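Here is a brief report on one protein chain. It covers fold, surface patches and cysteines.

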Amino acid sequence: MLDHVDTIAKDNLKDKLQKEQKRKNTKIKFYHSFVTIVLLLCVCQISYSALLNISKIVIYRAKIIKSNDLKLKAQKRNEKLKEELNNFNSMQRVESIARNNLKMAAENEVLVIINEPEPENFAPKTFKQKLIFFFEENVAKKFVGQED
């Protein structure tokens, strides 16, 4: 009879040990699963941040290149304007502008402007011009001729 009690106790002890081992294994599996999920989330967050930073770097580099191009263009324009300013500061340049564009003459010079008359053969282009031309040539001249 003692053998039988001893066997039952051994079976219960084995069952208890197996249940305890299963619980430990389940806890360990749960812990490993939880750590794996947390690590995957961290990897996803790091990847997203890296992509975001790379895209910002690309955008900012493009802006830097564009601003450098604008700077070079502004410097070239500034140089041209400085050259023009130096040209306008010289007395010969001011005199040539006054003579050519403003029709001015020096102290002992006489300015002669020759106006060329418009050609007599005025050819009307639009319908309105043709109508006015017809009226002047045919109708208005007859009335003016009758008054004389």
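## Fold

Helices (H or I, at least four residues) and strands (E, at least two) are DSSP runs, numbered from the N terminus. By that count, the protein chain has 3 helices and 0 strands. The model is predicted. Read from the N terminus, the element order is α-α-α. Helix α1 covers residues 2-89.

## Exposure

The protein chain has 148 residues, and 1% of them count as buried. About 15100 Å² of the protein chain is exposed. Carbon and sulfur atoms supply 61% of that area.

## Surface patches

Which residues form the patch of positive charge on the surface? They are K19, K22, R23, K24 and K27. K27 sits in helix α1. K27 counts as exposed because its relative accessibility is 62%, and the exposed class starts over 50%.

A nonpolar patch also lies on the surface. F30, F34 and V38 make it, with an area of about 320 Å². F34, like K27, belongs to helix α1.

## Cysteines

How many disulfides does the structure hold? The number is 0. C42 is in no disulfide, and its nearest cysteine sulfur, in C44, is 9.3 Å away. Why is there no bond from C44? A disulfide needs two cysteine sulfur atoms within 2.5 Å. The sulfur of C44 has its closest cysteine sulfur in C42, at 9.3 Å, so the gap is too far for a bond.

C42 has a relative accessible area of 39%, so this residue is partly exposed. That class lies between the 20% and 50% limits.

Key
Residues numbered from 1 in each chain as written. Predicted model: local features only at pLDDT ≥ 70, side-chain atom pairs only at ≥ 80, totals over all residues. Heavy atoms only, no water. Patch = residues over 30% accessible without salt bridge, like charges linked within 9 Å, V, L, I, M, F, W, Y side chains within 5 Å. Areas by Shrake-Rupley, 256 points an atom, 1.4 Å probe, with all protein chains shown as cover. Salt bridge = Lys/Arg side-chain N within 4 Å of Asp/Glu carboxyl O. Lys, Arg positive; Asp, Glu negative; His and termini not counted. Charge placed at Lys NZ, Arg CZ, Asp CG, Glu CD. Buried < 20%, exposed > 50% of the residue type's maximum accessible area, 1.4 Å probe, protein only.
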